Number of protein chains: 2
Amino acid sequence: MSAPRWLDDDQQRAWRAYLRMQGRLSAALNRQLQASCGLSLADYDVLVHLTDAAEGRLRPYELQRALDWEQSRLSHHLSRMHRRGLVEREECAEDGRGAFVVLTEAGREAITTAAPGHVETVRNLFFDVLSPDQVDALQRLATQVLTRLDAATGE
Amino acid sequence: MSAPRWLDDDQQRAWRAYLRMQGRLSAALNRQLQASCGLSLADYDVLVHLTDAAEGRLRPYELQRALDWEQSRLSHHLSRMHRRGLVEREECAEDGRGAFVVLTEAGREAITTAAPGHVETVRNLFFDVLSPDQVDALQRLATQVLTRLDAATGE
DNA sequence: GGCAGATACATGATGCATCATCTTCTGTCG
DNA sequence: CGACAGAAGATGATGCATCATGTATCTGCC
C-alpha cells in the first residue's frame with residue numbers, strides 16, 4: 001500500500017461514469033417496477049429464479065447461491081415476501097433443518113404482470129443505445145471482473 | 001407494450017453478468033471501506049466532493065447535483081455524517097433557506113486515510129483485469145446510457 | 001407592497017442490507 | 001453409540017434509501 005498508485009485520467013473518467021450510471025439506472029428500474037406493480041428489483045430477481053425452478057420450489061440455500069446474496073439478506077427478504085403473500089414456506093422432509101420456498105399464485109401473477117414492462121424499460125434505458133459489439137464487450141468485461149471477485153473472496 | 005420484445009440471448013447474458021458484477025463489486029467495495037475505516041461508499045463520495053470544493057464547503061443543493069442523489073437521501077445522509085462528526089452544518093448568509101456543509105478535521109482525515117486503500121481495491125478488483133480499450137469502451141457505454149437516462153427523466 | 005409559485009432543506013415512516021449471534025439438525029470420526 | 005464440527009436457516013439491531021409531506025424563504029409579477 002506504499003506509494004498508492006492512483007487511477008489515471010481515463011480510469012478516473014470511466015469509474016465515475018460507471019458509478020453514476022449504475023446508481024441512476026438501478027434507481028430508475030426500481031422506480032418503474034415499484035410504480036407499475038409494487039415490486040423491487042430484488043423481489044423480481046427472487047421471483048424469476050423461482051419461476052425458472054421446477055414447480056416453483058427451491059431450497060433457500062439454492063436461491064442464495066443463484067442470486068449471490070448473503071444468507072441473512074435472503075432470509076429477511078423471504079420473510080417480507082411471505083408477509084406480502086408472494087411466496088410460501090414449506091418444511092423439507094429430507095433435511096430437518098431446511099425448508100422450501102414456494103411461489104404462490106399471487107407471486108406467479110406478480111412476475112407475469114411485471115415482466116413485460118420491466119424488460120421494456122431495460123431495453124429503453126439500456127440496450128437501445130448500445131450496439132451488439134458493446135453488449136458483447138460488456139458481457140466480457142463483467143465476466144472478467146466476476147472471475148476476479150471470485151478469486152479475491154476465495155483468497 | 002404489446003408483443004413484449006424480449007431480450008435476445010446475448011443481451012440476456014450481458015444483463016445478468018452486469019447485474020451480478022455490480023452487486024458483488026459494490027458489496028466488496030463497501031465491505032473494504034467499512035472494515036478499514038468505518039466509511040460507506042456513499043460517505044466516501046460525499047467526502048470526495050467536499051474535499052474537491054473550495055475550503056471544503058458546499059451548499060447541499062450543489063452536492064446533490066454533483067452526486068445525482070435524491071434531495072432527501074442527501075439530507076438524511078448528512079445528518080448521520082454530522083452525528084459522526086464528519087461534517088458540520090453552517091448557516092448561509094446570502095440565502096436564508098439555505099445552508100453550508102463543511103468538512104471537519106475528522107472528515108478530512110477520514111477521507112485521507114481511506115483513499116489509498118479504496119483506490120487500491122478498485123484497481124485490484126476492477127481495473128487490473130481490464131485493458132485500456134475496455135476501460136474506454138466502458139466509459140463510452142456508461143456515457144451513452146447516462147444520456148439516455150437524462151432524456152428519459154426529462155420527458 | 002403583496003401574493004403565487006418555486007426553491008432549499010428537514011423529517012417521519014417504511015422497506016431494505018448487513019452484522020453478529022442463535023437454534024436446530026446433519027454427517028463424520030473415534 | 002456419542003461427541004462435535006459444520007451446514008441450514010432465523011432473528012434483532014443498526015444504518016441506509018425512498019416516499020410523502022412540512023416549513024421557511026425567495027423571486028417574479030401585478
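## A tour of the protein–DNA contacts

Of the atoms of DNA strand D within 4 Å of the protein, 55% belong to sugar or phosphate, and the rest belong to bases. The model under view is predicted.

**Stop 1: the surroundings of DNA strand D.** Select DNA strand D together with the 22 residues around it; His76(A), Arg89(A), Ser72(B), Arg80(B) and Gly96(B) come nearest. Colouring this surface by residue class gives 3 nonpolar, 9 polar and 10 charged residues. Helix 3 and helix 4 of chain A, and helix 4 (71-83) of chain B, each supply at least two of its residues. The largest share, 5 residues, comes from helix 4 of chain B.

**Stop 2: phosphate oxygens of DNA strand D.** Three atom pairs may be displayed here. A polar backbone atom of Gly96(B) lies 2.7 Å from a phosphate oxygen of DNA strand D. For Arg73(B), a polar side-chain atom is 3.0 Å from a phosphate oxygen of the strand. On chain A, a polar backbone atom of Ala99(A) is 3.2 Å from a phosphate oxygen of DNA strand D.

**Stop 3: the surroundings of DNA strand C.** Next, select DNA strand C and the 22 residues around it, of which Ser72(A), Arg80(A), His76(B), Arg89(B) and Arg97(B) come nearest. Sugar and phosphate make up 56% of the atoms of DNA strand C that come within 4 Å of the protein. The surface near this strand comprises 3 nonpolar, 9 polar and 10 charged residues.

**Stop 4: phosphate oxygens of DNA strand C.** Show the side chain of Arg89(B), where a polar atom lies 2.6 Å from a phosphate oxygen of DNA strand C. Tyr61(B) places a polar backbone atom 2.8 Å from a phosphate oxygen of the strand, and a polar side-chain atom of Arg31(B) is 3.4 Å from one. Two or more residues of the surface near DNA strand C come from each of helix 4 of chain A and helix 3 (60-67) and helix 4 of chain B. Helix 4 of chain A gives the largest share, with 5 residues.

**Stop 5: helices 3 and 4 of chain A.** Select residues 60-67 and 71-83 of chain A; these two helices pack at an angle of about 115°, with their axes 10 Å apart. Helix 3 passes helix 4 in a right-handed crossing. Pro60(A), Leu63(A), Gln64(A) and Leu67(A) of helix 3 meet Gln71(A), Leu74(A) and Leu78(A) of helix 4. The contact residues divide into 5 nonpolar, 2 polar and no charged.

**Stop 6: the annotated span.** Finally, select residues 11-147 of chain A, which an unreviewed UniProt entry lists as "domain: HTH marR-type". The span is 71% helix and 9% strand, and its end C-alpha atoms lie 20 Å apart.

How values were computed: Residues are numbered from 1 along each chain as its sequence is written. Chains are lettered from A and ligands numbered from 1 in the order in which they are written. This is a predicted model: local features need pLDDT of at least 70, side-chain atom pairs count only at pLDDT 80 or more; totals for chains, interfaces and linings use all residues. Side-chain values use heavy atoms; hydrogens and water are left out. Axes are lines fitted to C-alpha atoms, for helices over the stretch in contact, and angles run from 0 to 180 degrees between N-to-C directions. Helices (H or I, at least four residues) and strands (E, at least two) are DSSP runs, numbered from the N terminus. A crossing is left-handed if the near helix is turned anticlockwise from the far one by less than a right angle, and right-handed if clockwise. Contact means heavy atoms within 4.5 Å. Ala, Val, Leu, Ile, Met, Phe, Trp, Tyr, Cys and Pro count as nonpolar, Asp, Glu, Lys and Arg as charged, and the others, Gly among them, as polar. A residue is near a molecule or strand if one of its heavy atoms lies within 4 Å of it. A polar contact is a pair of N or O atoms within 3.5 Å; within protein, one must be able to donate a hydrogen and the other to accept it, and residues adjacent in sequence count only if both atoms are side-chain atoms. UniProt positions are given in the numbering used here, feature names are shortened, and annotations may be inferred rather than shown by experiment.
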